[in-house]
Amino acid sequence: MQIWLEIIIRPIFLFFFTLFLVRIIGKKNILRATLFRFVSYTIIAVVTALLAVNVISDFVLGITALLVWVGLLIAMDYLAIKSKWVHDIIHGKETILVKHGKIMEENLLDVRLSAEELLRELRCKKIFNLADIEFAVLEDMGDINVLMKSHKTPLSACDLGIKVAPLTEPQTVILDGTILPESLASLGFNQEWLGIQLETIGVSKDNVFIGQVDSSGDLYLDLFDDSIQIPQPKVKEMLYANFEKSQADLMSFSLETQNKKASDMYSSHAEKIKIIMEKLEPYLLR
Amino acid sequence: MTVAAQIKKTVATLKGNQGTLRLYALQTQDQETKEVYQEVMDINGIIIKDLEERIQVLEYEEPQYKGN
């Protein structure tokens, strides 16, 4: 075979072959890969490059080497899942750097991390005060993860004792002017419903860049034409406000009427609306 | 505005709320949320019913304002 023809065919074959190899290795993030994985990726890349430019003259041998390497990698991955011992050997173990708020100096020495480096890593995580740290660990891929002291952790709804409405992921139903029927169906809506919603807002679907439906069924739209002002869904706030208004109405009826029985009826219903508002608040306002 | 008309207005608001609640109860995927909406709709329904009865009484007492 002529050499120039070989130089064309080899990279084409290797392009798809490497694509296939990388796919079967899996989708672990290369930035968070452990050292050994990183070395493996490098070896695959280098062997492929050498094969492509004809430095390794025997093509079949090169491909075999690649296959063996990838096969070993996958076998090791499986073993690592099955056995903790193999896992620790391949990936190493995490090292505890701070425990109960105290730095473990001998562990720092083990991983050859100086105090300055530790402080720098912590500052990268916006932790400037060592006193805020309860526990810190150096992961096997080299990241430091920190558990803050409980009084320094961000406040959650649970801490405040507030009930919040459950949120599920929003579904994208319009993309680039095209309706996506599957995601609509997964929400239990159909295209007619979407058509009615778009008509109410007054835009055509061709003008919609992205349309999302949230878990409560409200539609959010981003249009191509940014000069059009579309009303954002405020139905929930309106509903709450309407209940508030009705409650005020009932209170005033109860004060105005001369009839004792009617007055009692009005005030008891005002109380009921108050209960309704308390029940709905997490769903409508939060 | 007469008292009956005012109450009618409130009933109209509450009925509108009932409709919106029913829509949300149908739209939401979460079972717990659905139940809360249902429960609220039941309470709201009782209030609407009582107020409508009150309107009838008022209209019977003062028939000259009927239909306002």
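1. Of the 286 residues of chain A, 32% count as buried. Bear in mind that this is a predicted model. The chain holds 11 helices and 8 strands. It exposes about 18,400 Å². Carbon and sulfur atoms supply 63% of that area.

2. Next, contacts along the chain. Take those in chain A between residues at least 6 apart in sequence. Of these, 51% join residues at least 24 apart.

3. Now look at the sheet. Four strands of chain A form an open sheet in the order β6-β5-β7-β8, and the pairing is antiparallel. The edges belong to β6 (178-179) and β8 (219-223) of chain A. Each has a single partner strand, so one side of each is left without a neighbour in the sheet.

4. The partner of β8(A) deserves a closer look. Strand β7 of chain A spans residues 208-213. It pairs with β8(A) in the antiparallel sense, over 5 bridges. To find the register, start from A:Gln212: its bridge partner in β8(A) is A:Tyr220.

5. A helix goes with this sheet. Helix α9 of chain A covers residues 191-201. It lies across β5 (171-175), β6, β7 and β8 of chain A. Relative to β8(A), helix α9(A) runs at about 65 degrees.

6. After the sheet comes a loop. A:Asp226 sits in the loop between β8 and α10 (235-256) of chain A. Is A:Asp226 buried or exposed? Its relative accessibility is 59%, so A:Asp226 counts as exposed; the cut-off for exposed is over 50%. A:Asn207 is 19 residues away along the chain, and the C-alpha atoms of A:Asp226 and A:Asn207 are separated by 9.9 Å.

7. Turn to helix α4 of chain A, residues 84-91. Which residues of this helix are buried? They are A:Val86, A:Asp88, A:Ile90 and A:His91. Note that the list includes A:Asp88 and A:His91 alongside A:Val86 and A:Ile90. What covers the buried residues of α4(A) includes two helices of chain A, α2 (35-52) and α3 (59-82). As background, an α-helix has 3.6 residues a turn, so residues three or four places apart point the same way.

8. Check both ends of α4(A). At the start, A:Ser83 brings a side-chain oxygen to within 3.2 Å of the backbone nitrogen of A:Trp85. Just after the helix comes A:Gly92, with a positive phi of about 75 degrees.

Key. Residues are numbered from 1 along each chain as its sequence is written. Chains are lettered from A and ligands numbered from 1 in the order in which they are written. This is a predicted model: local features need pLDDT of at least 70, side-chain atom pairs count only at pLDDT 80 or more; totals for chains, interfaces and linings use all residues. Side-chain values use heavy atoms; hydrogens and water are left out. Two strands pair if DSSP finds at least two bridges between them. Contact means heavy atoms within 4.5 Å. Axes are lines fitted to C-alpha atoms, for helices over the stretch in contact, and angles run from 0 to 180 degrees between N-to-C directions. Buried means under 20% relative accessible area, exposed over 50%, partly exposed in between (1.4 Å probe, protein chains only). Accessible areas come from the Shrake-Rupley method with a 1.4 Å probe; for residues, only the protein chains shown count as cover. A polar contact is a pair of N or O atoms within 3.5 Å; within protein, one must be able to donate a hydrogen and the other to accept it, and residues adjacent in sequence count only if both atoms are side-chain atoms.
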